[in-house]
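Please open the model in your viewer and keep the sequence panel beside it, since this tour moves from one selection to the next.

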Amino acid sequence: DVDTLPPVLHAAKIGGTMSLPTAKDAPFAADIASGPIQLASLQGMVPPFKDAIGKGQKIDGAVELKVKASSEGGKQKADAALELRSMDVNMASTSVKGAGAIKVKAEPGGDDVHLVVDADFSGLSVQKKDAINKPAGLPLKLSVDAKRSKSKVDVSSIELAIGRSTIRGHGTVSNLDAKTDPTLNVDLGDVALGFDDLRAAVPGASKLPAGGSLHGKVKLSGGTSAASLIVDANALDLVFGKSKIAGDVHVKDLSAPDLDVKLGTVDVNFADVKPLVDSVPSEGALKGSVALKGNTAKSSTVQAHVKIDSLTTPGSAMHGSIDVENLDKPKFTLALDADNLDVDRLRDALSSGKSAPKKAATKAAKDENAHGLSKATRALLANTNGKGTINAKHAIVKGMPLENFKGVLVMTRGVARFDALDFGLYGGTVSAAGSVIDLPSEKLGYDLKLKGKNVDFGEAVAKQTSLGKRSEERRVGKEC
């Protein structure tokens with residue numbers, strides 16, 4: 001029995017008892033506790049500690065340690081508790097202040113070690129530039145119950161709580177003794193994340209809608225590196241504001257994601273996502289479903305299907321579907337039916353969040369976009385094929401009211417042919433069927449075929465030209 005420990009430990013207010021066994025591999029007993037140990041005082045007592053901190057950096061505060069070792073049925077057991085008090089740490093881009101606690105229980109058994117860890121960092125504020133901004137008082141707790149062997153770790157339970165958000169799971173990490181990446185098989189169970197908790201702790205999450213939440217069943221498999229990790233998220237339920245997105249997401253290789261996404265419910269209010277995606281309209285909503293599959297590192301493998309049950313924006317209401325495959329050489333199928341289609345307001349709404357384009361500074365820059373399409377866009381269109389059908393009972397295009405609009409477009413390597421382009425205009429009908437536009441050409445090529453019947457050109461002139469507007473002003477003035 002050792003009643004008094006060496007002076008250096010006594011100066012740190014450490015004391016207790018320890019019993020050392022004489023038999024080989026027999027368990028030992030100890031009961032050691034410290035009073036508050038001032039971390040700043042360790043700099044003078046342990047020079048390497050001071051050297052490791054570096055100039056302009058700081059580690060201060062107090063820690064209190066308790067260790068108890070015992071024998072139960074001939075097996076070694078150990079409990080350790082570390083209390084963090086009045087922490088004041090400033091290391092490069094990371095600062096930690098406040099209080100916390102860590103408790104560890106260990107039970108060695110042959111080549112295995114059973115560990116139970118409980119950590120409570122709720123009283124700590126942690127700031128790391130652009131990564132973490134956790135305030136003191138936001139609950140942050142971690143509990144782990146695991147058994148470690150030479151080749152694997154069996155985790156019987158793991159629980160992480162951030163605010164009201166929780167992750168509870170279990171699983172294994174194997175292949176630890178190999179030269180390759182360890183192998184994961186972890187079930188995180190029903191994950192529940194609150195956006196308010198993420199907004200409070202992660203600077204990059206500040207734009208997430210307040211009050212939003214994400215629930216789902218998440219499993220991790222594959223390796224521990226980003227390239228070998230596999231994430232399966234099923235029964236996802238994302239809710240924020242008036243919006244809801246639900247479905248399944250399967251991802252391989254986070255460094256170059258290989259996706260299989262099936263979102264059976266996409267119910268998005270544009271006002272909810274406007275802070276995240278500035279290019280969407282400020283008003284309106286989309287209801288439908290989305291399926292996306294392919295390797296993002298190989299654009300030719302990407303396929304997307306969007307079913308639109310309802311798409312509304314100011315002045316427009318439509319439904320239909322969009323299919324796209326092979327982003328290297330895009331092939332598309334578009335089908336839209338609209339009761340009302342106000343192209344003018346829709347164009348304005350989609351461009352409202354975009355900054356004004358910079359004026360071209362050189363003649364070369366002007367030549368690059370000679371007829372409205374950049375060189376890169378023309379190159380993409382040269383490999384684009386597909387078919388689109390748009391029907392609208394009522395449409396407005398450049399201020400002109402079109403009735404019973406029907407358009408059927410077939411695109412072959414960027415050359416658009418209108419098999420149908422018919423609409424009613426000012427009491428008559430107009431058809432541009434058979435017209436062709438060569439979009440990839442350096443100078444826009446077109447073959448326009450236009451037929452009109454019974455169109456009231458007097459009404460068209462009156463409503464669409466300045467001459468008509470002046471006549472209307474004179475007429476109104478005379479009546480007044």
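Is Arg417 buried, partly exposed or exposed? With a relative accessibility of 35%, Arg417 counts as partly exposed, where buried means under 20% relative accessible area, exposed over 50% and partly exposed in between (1.4 Å probe, protein chains only). Before going further, note that this is a predicted model, in which local features need pLDDT of at least 70 and side-chain atom pairs count only at pLDDT 80 or more, while totals for chains, interfaces and linings use all residues. Residues are numbered from 1 along each chain as its sequence is written, and side-chain values use heavy atoms, with hydrogens and water left out.

Stay with Arg417 and add Asp419 to the selection: their side chains meet in a salt bridge at 2.6 Å, N to O, the term standing for a side-chain nitrogen of Lys or Arg within 4 Å of a carboxyl oxygen of Asp or Glu. Asp419 is partly exposed, at 39% relative accessibility.

Next, colour the whole chain by secondary structure, which comes to 10 helices and 28 strands; these are DSSP runs numbered from the N terminus, helices being H or I of at least four residues and strands E of at least two. Of the 480 residues in the protein chain, 28% are buried. The accessible surface of the chain comes to about 28,800 Å², with 58% of that belonging to carbon and sulfur atoms; accessible areas come from the Shrake-Rupley method with a 1.4 Å probe, and for residues only the protein chains shown count as cover.

Now select residues 385-397 and 400-412, which are strand 22 and strand 23, paired in the antiparallel sense over 11 bridges; two strands pair if DSSP finds at least two bridges between them. Ile396 stands opposite Pro401 in strand 23. The hairpin of these two strands has two residues between them, and there Lys398 takes a positive phi near 50°.

Extend the selection to strand 24, residues 415-425, which runs antiparallel to strand 23 and is joined to it by eight bridges. Thr412 has Val415 in strand 24 as its bridge partner. Strand 23 and strand 24 also form a hairpin with two residues between them, and Arg413 in the turn has a positive phi of about 50°.

A search of the whole structure finds 11 salt bridges, and two further examples are worth selecting. In the pair of Arg85 and Glu64, the closest N and O atoms are 2.8 Å apart. Arg85 lies in strand 5 (residues 75-91) and Glu64 in strand 4 (residues 58-72), so this pair ties together parts that are 21 residues apart in sequence. Arg85 is partly exposed at 36% relative accessible area, whereas Glu64 is buried at 14%.

For the other example, select helix 6 (residues 343-351), where Arg347 and Asp344 both lie, three residues apart, about one turn of the helix. Their side chains meet in a salt bridge at 3.6 Å, N to O. Arg347 is partly exposed, with a relative accessible area of 42%, while Asp344 is buried, at 14%.

Finish at strand 27 (residues 445-447), where Tyr446 is placed. Tyr446 is exposed, with a relative accessible area of 61%. Together with Leu444, Leu448 and Leu450, Tyr446 makes a nonpolar surface patch of about 480 Å². Patches are made of residues with over 30% relative accessible area and no salt bridge, like charges being joined within 9 Å and nonpolar side chains (Val, Leu, Ile, Met, Phe, Trp, Tyr) within 5 Å.
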